[in-house]
Structure formats: structure tokens, C-alpha cells
Amino acid sequence: MKHLEQVGNYYSDRIGRFGPTARGVDWNGTEGQLARFTRFNQLFERVPGPLSLIDYGCGYGELYSFLTSRFEINSYAGVDVSPAMLEAARSVFCDDAHVVLSENLGAVAPAACVVASGTYNVKLTASSRDWSDYVVDDLKALWGKATFGMSVNFLSEFSEVGKRQGKLFYASPQKIMSLLLKEFSPLVNLDHSYSPWEFTATIFREV
């Protein structure tokens, strides 16, 4: 998509200004960043055995650091559109044999779990319709990499209208739920209970 280079540059600028921090990946603070990670536990806790994971929009790899103290990790593949983000992640995890980092989803092996945290929030100059079409296609590609399940968070179109920003994408929970149920799996959980601003959708493959 033509807008992805622009988004990659946006995030490269963020981490250049704020370093490998929550603000460097465009969250307001560490507390909110970790709270979003915690929502993925409903997926991780159901995986039998050690986790294998694709972190799509991995930033500097903070999710991996979060997980290593809570779960046994068999493999972690971080994918990001920003070369500067991946460079920051490599500087931290260069000696960790469990970690693979790439700009290309197609270059990484399938994993039990696929997650995307904040990945679709920033659309910049893309129209909401074009970005929505991109998100749908991207989710299908991600689902093709998940052997057990997938969890993705979005800003919600039910957030307060007066506080929205034009550069951000606000998804319809109903449309996301309908898409996942019709084209992915009947085993879907949509959690809009932890914030009026966003929601997390978790999908499991049928056993």
C-alpha cells in the first residue's frame, strides 16, 4: 500500500525522537502499553506448551520483553514497517536465538499466535475507506500465519468524536466482528470493556 512508507517514516521519526519507549511507538505511556499487552493473555494462556509468536508491528520488541517473564517462549518473530524500529529491536535482542526480526511478513514462518498491538491505529493521510480495505486484506494475511489464534486491537469508532484525530483510524467493532465470524472462525471474542477508546478482537482456530 502506498501509504505504508509514510507510516514507516512516521514511526521511524517517533523512535528517533523518544527512543525505545512507549512514546517512541506512539503510546501515551508505559502503563497503557502494558495494559494492551495484558489483553492478549486470553490468547496466550490457551496455547498448549511454549509460545510461538508473530508480533506484527513489533516496534522495538517490548511485547517480547513483557512475555519472557510470564510465558515460556519457543520462538518470536517481530515484523515492522519501520527500519528504525527493527534496528532498535536488534540492538536489544541480537544475542537471543529465539528472536527473528523482519520487514516482511511473508519471510517469517507460521506461529501458534499472531498479535498486532496498535498496528492499524495510524493511517496519516490515507482515507478511512482505503485504510479499512487495507486492514481487511492484512488481517487475512495474518490469519494465514496463525496456527492457533490471533489477537488484534483497534481504536474504536465509539470513542468520543470531539477528541478524535484525523491521522488515526477508528474501526467499527460490529464490522470487525462480522468479518472475523464470517471469514475467519466462529470462535471470536471482542473485548470493548477495558476502554471507551478501543477494543481487542481475539480469534481461535476450531479444534
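**Exercise 1. Which residues line the second largest pocket?**

Before we start: this is a predicted model, where local features need pLDDT of at least 70, side-chain atom pairs count only at pLDDT 80 or more, and totals for chains, interfaces and linings use all residues. Residues are numbered from 1 along each chain as its sequence is written, and side-chain values use heavy atoms, with hydrogens and water left out.

Step 1. Get the term straight: on a 1 Å grid over the protein atoms alone, a pocket is an open set of points where a 1.4 Å probe fits, with protein on both sides within 12 Å along at least five of seven lines, and lining residues have an atom within 4 Å of a point.

Step 2. Read off the lining: Ser132, Val135, Val136, Leu139, Glu157, Phe169, Tyr170, Ala171, Ser172, Lys175, Ile176 and Leu179.

Step 3. Sort by element. Helices (H or I, at least four residues) and strands (E, at least two) are DSSP runs, numbered from the N terminus. At least two lining residues come from each of α6, β6 (170-171) and α7 (173-183), and α6 gives the most, with four.

Step 4. Sort by class: eight are nonpolar, two polar and two charged. Here Ala, Val, Leu, Ile, Met, Phe, Trp, Tyr, Cys and Pro count as nonpolar, Asp, Glu, Lys and Arg as charged, and the others, Gly among them, as polar.

**Exercise 2. Describe the largest pocket.**

Step 1. Start with its volume, about 920 Å³; the second largest has about 200 Å³. A volume is the space filled by probe spheres set on the grid points, which are joined across faces, edges and corners.

Step 2. Look at the lining of the largest pocket: 45 residues, with Tyr11, Val25, Asp26, Gly118 and Asn121 nearest the centre. Elements giving two or more of these lining residues are α1 (3-18), α2 (30-39), β1, α4 (62-68) and α6 (128-143).

Step 3. Split that lining by class, and you get 21 nonpolar, 13 polar and 11 charged residues.

**Exercise 3. What kind of aromatic pair do Phe37 and Phe66 form, and what kind do Tyr64 and Phe93 form?**

Step 1. Recall the rule: rings of Phe, Tyr and Trp (its six-membered ring) pair if their centres lie within 6.5 Å; planes under 30 degrees apart are stacked, over 60 edge-to-face, and the rest tilted. The whole structure has 12 such pairs.

Step 2. Phe37 and Phe66 are 5.5 Å apart centre to centre with 55° between the planes, so the pair is tilted. Phe37 lies in helix α2 and Phe66 in helix α4, so this pair ties together parts 29 residues apart in sequence.

Step 3. Check burial (buried is under 20% relative accessible area, exposed over 50%, partly exposed in between, with a 1.4 Å probe and protein chains only). Phe37 is buried at 5%, and Phe66 is buried at 5%.

Step 4. Tyr64 and Phe93 are edge-to-face, at 5.2 Å and 90°. Tyr64 sits in helix α4 and Phe93 in helix α5 (residues 83-93), so here too the linked parts are 29 residues apart in sequence. Both Tyr64 and Phe93 are buried.

**Exercise 4. How many disulfides does the structure hold?**

Step 1. Apply the cut-off: a disulfide is a pair of cysteine sulfur atoms within 2.5 Å.

Step 2. The count is zero. For Cys58, the nearest cysteine sulfur, that of Cys94, is 15 Å away.

Step 3. Compare their surroundings: Cys58 is buried at 7% relative accessible area, whereas Cys94 is exposed at 56%.
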